[in-house]
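User: Hey, got a minute to walk me through this one? I'd like to start with contacts and then get to the sheet.

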Amino acid sequence: MSLSIRNQLPATVVSVTPGEAMATVQGRLSGGQMVTAAVTMSAVTELGIGAGSEVTALAKATEVALATGEVSGLSIRNRFPGTVSRLTLGAAMATVVIDIGGGQELTAAITQEAAAELGLAEGSRVTALIKSTEVSLATA
């Protein structure tokens, strides 16, 4: 299956915390970073997700927020520090590719106005933020 979702990060599941209807799944990326996904219990069961499972964490570029300063006091679980490796400015939107280490990249689609206000340029240090509820999981 091919997907239009730009952010497809291979991960190894470290833990699954079940709830009544939802579960949180924590996975380790190749660079050692942790990714958290909040998915339904039925998805955990149907996909056979458990500790040691290989999954792909998926997040749309429009669901990735960027910060240039210290990030604190947020409920957002997924915080990936990195460096802007590519910046493409359009009339209304900007596409920002962030090197998060371990040979992995995240893409954020933000407004051109936000990119300008953040002073983004190639080489800028940023933190990519993704709510766990915006991360989907896929298995092979």
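Analyst: Sure. When I say contact, I mean heavy atoms within 4.5 Å. Keep in mind that this is a predicted model.

User: Fine. So which residues is F80 in contact with, leaving aside its neighbours within four places in sequence?

Analyst: F80 is in contact with L29, Q33, M34, V35, I100, L106, V126, T127, A128 and I130.

User: And what's the largest nonpolar core like?

Analyst: That core has 33 residues. F80 is among those with the most contacts inside it, along with L66, V96, I110, L120 and L137.

User: Which elements give two or more residues to it?

Analyst: Those are β1, β2, β3, β4 (54-59), β6 (78-89), β7 (93-101), β8 (104-111) and β9. The largest share comes from β7, with four residues.

User: What do the two domains put in?

Analyst: At least three residues come from each of domain 1 (7-59 + 132-139) and domain 2 (61-130).

User: Does UniProt come into this? What does it list for "domain: Mop"?

Analyst: The unreviewed UniProt entry lists residues 2-68 and 73-139 under that name. In the model, residues 2-68 are 10% helix and 54% strand, and the end C-alpha atoms lie 32 Å apart. For residues 73-139, the figures are 10% helix and 57% strand, with the end C-alpha atoms 33 Å apart.

User: OK, sheet time. What's the strand order in the open sheet of five strands?

Analyst: The order is β3-β2-β1-β4-β10, and the pairing is antiparallel. β3 (34-40) and β10 each have a single partner strand, so one side of each is left without a neighbour in the sheet. From one strand to the next, the twist averages 45 degrees.

User: How many bridges are there between β1 and β2?

Analyst: Seven, with β1 (residues 7-18) and β2 (residues 22-29) paired in the antiparallel sense. As one example, T17 has T24 in β2 as its bridge partner.

User: Switching topic: where is S132 found?

Analyst: S132 is in the loop between β9 (125-130) and β10 (136-138).

User: Is S132 buried or exposed?

Analyst: S132 counts as buried because its relative accessibility is 14%, and the cut-off for buried is under 20%.

User: Which residues does S132 touch, not counting residues up to four places away in sequence?

Analyst: S132 touches T36, A37, A38, R77 and N78.

Definitions and conventions
Residues are numbered from 1 along each chain as its sequence is written. This is a predicted model: local features need pLDDT of at least 70, side-chain atom pairs count only at pLDDT 80 or more; totals for chains, interfaces and linings use all residues. Side-chain values use heavy atoms; hydrogens and water are left out. Buried means under 20% relative accessible area, exposed over 50%, partly exposed in between (1.4 Å probe, protein chains only). Two strands pair if DSSP finds at least two bridges between them. Axes are lines fitted to C-alpha atoms, for helices over the stretch in contact, and angles run from 0 to 180 degrees between N-to-C directions. UniProt positions are given in the numbering used here, feature names are shortened, and annotations may be inferred rather than shown by experiment. A nonpolar core is a set of buried Ala, Val, Leu, Ile, Met, Phe, Trp, Tyr and Cys residues joined through side-chain atoms within 4.5 Å. Domain bounds come from an automatic or database domain assignment.
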